[in-house]
Amino acid sequence: MASPIPIPFFGRGAELAALEERCASPGLTIVKGPPRIGKTRLLTHFVERSKVAGSRRVGMAEAGEAAGDVLLRAIKDAYDHWMKDGGVVAEVRSIAAQMEGKWITTAGVAFGKALAGFGGPAKDLVKAAFAALEEAKRMAEAGGVQLTRLTSEEARDLLAVLAEGAGAPVVVVLNQWEEGQDLGKDTATLRTFLGNQGEWPACHVLLHLRDPRFPRDRNQEAGGLAAQLREFPTAGTLKIGHLDFETDTDAYDELIGWLIEHFPAFAATDGSDYLSDLALEEIGGNPAVLSEWAHASEADRASLARLGEIAADARAMRYPELRVLYRRLLDEVNADPARLPILEVAVLAAVLPLPVDAGEQASLLPAVLGAAEDHALDRLESDGLLRPEGGPRLSLGHPSRREAAARCVLGLNERQEAMDGGLAPGFKPYLRRAVARVIPALVDLHTAVAWGALDESLLPAAATLAASAGLVQAAGSGGFAAALCAAAGALFPDGAKHAALEGAAAAVAGANPAARLVVAVGLNNAIAESGADTTRADKLLGELRSLAGAHPGDAAVREQLAKGLFNAFNHSEPNSARADGLLGELRSLAGAHPGDAAVRENLARGLFNASYNSERNSARADELLGELRSLAGAHPGDAAVREQLAMGLFNAFCRSERNSARADGLLGELRSLAEAHPGEAALRERLARGLSNAIFHSGADTARADRLLGELRSLPGAHPGDAPVREALATGLFNAFHESEANSARADGLLGELRSLAEDHPGDAAVRERLATGLFNAFNNSERNSARADGLLGELRSLAGSHPGDAAVREPLAKGLNNAIFHSGADSARADGLLGELRSLSERFPGEAAVRELLATGLLNAFTLSEANSARADGFVGELRSLSEAFPGEAAFRGLLARGLGVSMYHAVGAGDVGRAAGLAEELVLLRDAVEAQPELDGLFRQTFEEAVRLAGEKGDEAARARLLAASEALFGE
């Protein structure tokens, strides 16, 4: 196959303008259209143009069965674009310092750590930061190893840094989204983004969506999920159709010039309207035709007849040359078995799920190419079954071309049986051989150390193995290959169903350590995911025991067994006998391998969890805590065991509040542990939290509270960079302040100290939240001193204004505004001003239900204070009604509206307006669930209805009386 001719970017002016307009504001645009219509070309051109213009930060990634998290990859690409030079590193560090306290997600912590220790060029910072993120996310809380996807909160944090530093909107492009590994998770994240845009930085997502070709096409699922996203007001669709050469004169002139330059068959086009018309007719505005013509041979480019045939195949998305190529390869191998290596490469190029990234493909190429010789690979290049070096080597071009090649090999689609030429049965034995060779070889590329450490080089092979489970099944392979694929699938959330892991220990007998470890990690993860299904967990645990027993010297496998025992124990709480047995097995394993720190750590975690779950049995809890003490004492250099002991002491201290002598003893033990190991932040944090809790329980004993507070103050002083300790100090100050309401001077002093702490650490969200709560409480206690109350409310406003991304500060402000409305009394002007502020908050942050609910409460409070002004009161009820209609799933709105309608009905009865009372009664019937959810108002509602019925009877208004009786029966059953 000849080298392809570069194709200019023709037309698409209207589509580019639409993308520019959509990306000017936050939201999502689904770029959809049929296969090969030019969606990817359009998005790629838009990205390149945006990067050159510098008007926005753009990142693009391609989804795929083995491509990993497409959103994470797109964000990483945007970071790569931003950090072009070393000067950016200082800027990123500055932003990181400002956002330190906000970074409570895994993404923030990992990114912050990478920044703190980084001294290289900007281009390497991106790799370091995202590698740290991957590493941080691989350890699940239950002890399983998970190559997890970005959570919505982590995506938000990473985008926030990017938007802040770039000073420009961010656009992420999810190309070929329909090919993603987990569309459900992707959709959930995007729904969170679209539903809470007030909390997210300015970002627009462009999502590529290919229209399904067949009723059973996988794209049907993607289309259904995309429809969910289109429900949001900031989501839209851009449909891509054929190129318009008829009316776009610039595109037409450029096309004709391209044809004249590269296609002898159209050389006379400049003097022939016939040839121009013929070219337009053959192309039909379909970019697929241009792509296939660009790949045509020199002879074909000189023949109008051949170009016509190629165009017809392109429009129908037929690839007849593939059938010819694969038939020829199959015939050659049948005639000469020595040709098998090249056939295997051709087969794997068509069917093996591979990362789309060229670098990741390069790491897997040795396994795929096997023993194929260079001259044979050159031939596959010329046939278009491999791409030249330097790009995605195993790409067959457009995904639809790879699908056609897969049909030739697998015969997957019955409706396309005529297209695959009936080759699949002939390929079956060769496919099985290729799969059996390449699957183990993918693991052989990585040493046991690499798999054990789960470094970044694991991801391509793991993703490929996980995505190959279906291929292994189609090839009829089982045993070792099936076990490896299932185990790798278990590394990902919602991965393989693990059926192939039963019998895995026997399948990897004699395999290398790397393969054993893949299976061991997969078994452990599968146990963690089994939850309460003890039957499945026991089967998988049996496999792990067998694997570890067969390889007693393999510490990495033994570690996975320890984790598996811990995971199974963790899900056995209701079954104490089972839990005790598993914990006993962990003890035995640790006893048999006293030098194995990984096993010991899992035993310590098990002892801590068992102690935590024994709250009602204090004797057992104390016994387990004693065992933890002994374990830590026997291994004084083991920080991981010591951390579990500190957690156990802290929990025991929290349970001992009523026994002050015992509580003081446990706190003293925590103190001694932290003092003996001053460099261990985990111990210091538990001590700080213990001191904070002790302050809370000091009550009116201010001398004790002050003594504890002094100790707590000294901790962050000695460790100014320790955010958890600082948070504990803020909590301790708040607790002491809360107990000092009767002593205003003391309370003011503590609140002042909270202010100073927040000012010294403006990026610490936890400290800021405590200050905001303290200001609200102080405001609440200042009702009789309006000047002081106004000052505190003003301080809350300033705090929220300085930190617009902090919902934890905004909620106390909204509470303060609501309470101020309640205390406005007859001052309607003041109430209106405060209510306007609440409205503005709700409008600016539409994703915050707490603020919305406080607005609704404020409206009800303002309504209650407007009894004398019926028009004003009706306005507030109308606004409540609108809120309830806009958010039908939020029960709080329905409850508040029901209260408002009940009071309105009460006043209507008092005014003698039975017709209005009947209308309100009927509206209350529609809110029956909200009425029933407020039993404390049942008497008021019933009395109001009774008065309304009686009044209607007195007035002789039988129609109103009948309506009221019907509503009463519907609401109260009487």
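**Exercise 1. Burial and composition of the chain**

Determine what percentage of the 974 residues of the protein chain count as buried, and state how many helices and strands the chain has.

*Solution.* The model is a predicted one. Step 1: of the 974 residues in the protein chain, 52% count as buried. Step 2: the secondary structure consists of 49 helices and 5 strands. Step 3: the exposed surface of the chain comes to about 40,100 Å², and carbon and sulfur atoms supply 52% of that area. Step 4: among contacts with a separation of 6 or more, 68% are between residues 24 or more positions apart.

**Exercise 2. The surroundings of strand β4**

For strand β4 (residues 203-210), establish how many of its residues are buried and which residues lie on either side; then identify a strand joined to β4 by 7 bridges.

*Solution.* Step 1: 8 of the 8 residues of β4 are buried. Step 2: in a regular strand, side chains alternate between the two faces of the sheet. Step 3: one side of β4 carries Cys203, Val205, Leu207 and Leu209, the other carries His204, Leu206, His208 and Arg210, and all of these are buried, which leaves both faces covered. Step 4: strand β1 (residues 27-33) is joined to β4 by 7 bridges, and the two run parallel. Within β4, Arg210 stands opposite Gly33. Step 5: strand β3 (residues 170-175) also runs parallel to β4, with 5 bridges joining them. Here Val173 has Leu206 of β4 as its bridge partner.

**Exercise 3. The faces of helix α32**

Compare the expected span of helix α32 (residues 618-634) with the distance between its end C-alpha atoms, and explain why its buried residues line one face.

*Solution.* Step 1: helix α32 has 17 residues, and at 1.5 Å a residue it should span 24 Å; the end C-alpha atoms are 24 Å apart, so the two values agree. Step 2: the buried residues of α32 are Ala621, Leu624, Leu625, Leu628, Leu631 and Ala632. Step 3: viewed down the axis of α32, these buried residues fall within an arc of 115°, and therefore they line one face of the helix. Step 4: the general rule is that an α-helix has 3.6 residues a turn, so residues three or four places apart point the same way. Step 5: Ala619, Glu623, Gly633 and Ala634 are exposed on the other side of α32. Step 6: the cover over the buried residues of α32 includes α30 (576-592), α31 (597-612), α33 (639-654) and α34 (660-676).

**Exercise 4. Aromatic pairs**

State how many aromatic pairs the whole structure contains, and classify the pairs Phe734 with Phe737 and Phe945 with Phe972.

*Solution.* Step 1: a search of the whole structure yields 11 aromatic pairs. Step 2: the pair of Phe734 and Phe737 is tilted, with 6.3 Å from centre to centre and 40° between the planes. These two residues are 3 residues apart in helix α37 (residues 723-738), so about one helical turn separates them. Phe734 counts as buried because its relative accessibility is 15%, and Phe737 is buried at 5%. Step 3: the ring centres of Phe945 and Phe972 are 5.3 Å apart and their planes stand at 90°, so this pair is edge-to-face. Since Phe945 lies in helix α48 (residues 938-955) and Phe972 in helix α49 (residues 958-972), the pair ties together parts that are 27 residues apart in sequence. Phe945 is buried at 2% relative accessibility, and Phe972 is buried at 12%. Step 4: one aromatic cluster is formed by Phe10, Phe245, Trp258, Phe263, Phe266 and Trp293.

Key: Residues numbered from 1 in each chain as written. Predicted model: local features only at pLDDT ≥ 70, side-chain atom pairs only at ≥ 80, totals over all residues. Heavy atoms only, no water. Buried < 20%, exposed > 50% of the residue type's maximum accessible area, 1.4 Å probe, protein only. Helix = DSSP H or I, 4+ residues; strand = E, 2+ residues; numbered from the N terminus. Pairing = 2+ DSSP bridges. Contact = heavy atoms within 4.5 Å. Areas by Shrake-Rupley, 256 points an atom, 1.4 Å probe, with all protein chains shown as cover. Expected span 1.5 Å × (residues − 1). Arc of directions from axis to C-beta. Phe/Tyr/Trp six-rings, centres within 6.5 Å; stacked < 30°, edge-to-face > 60°.
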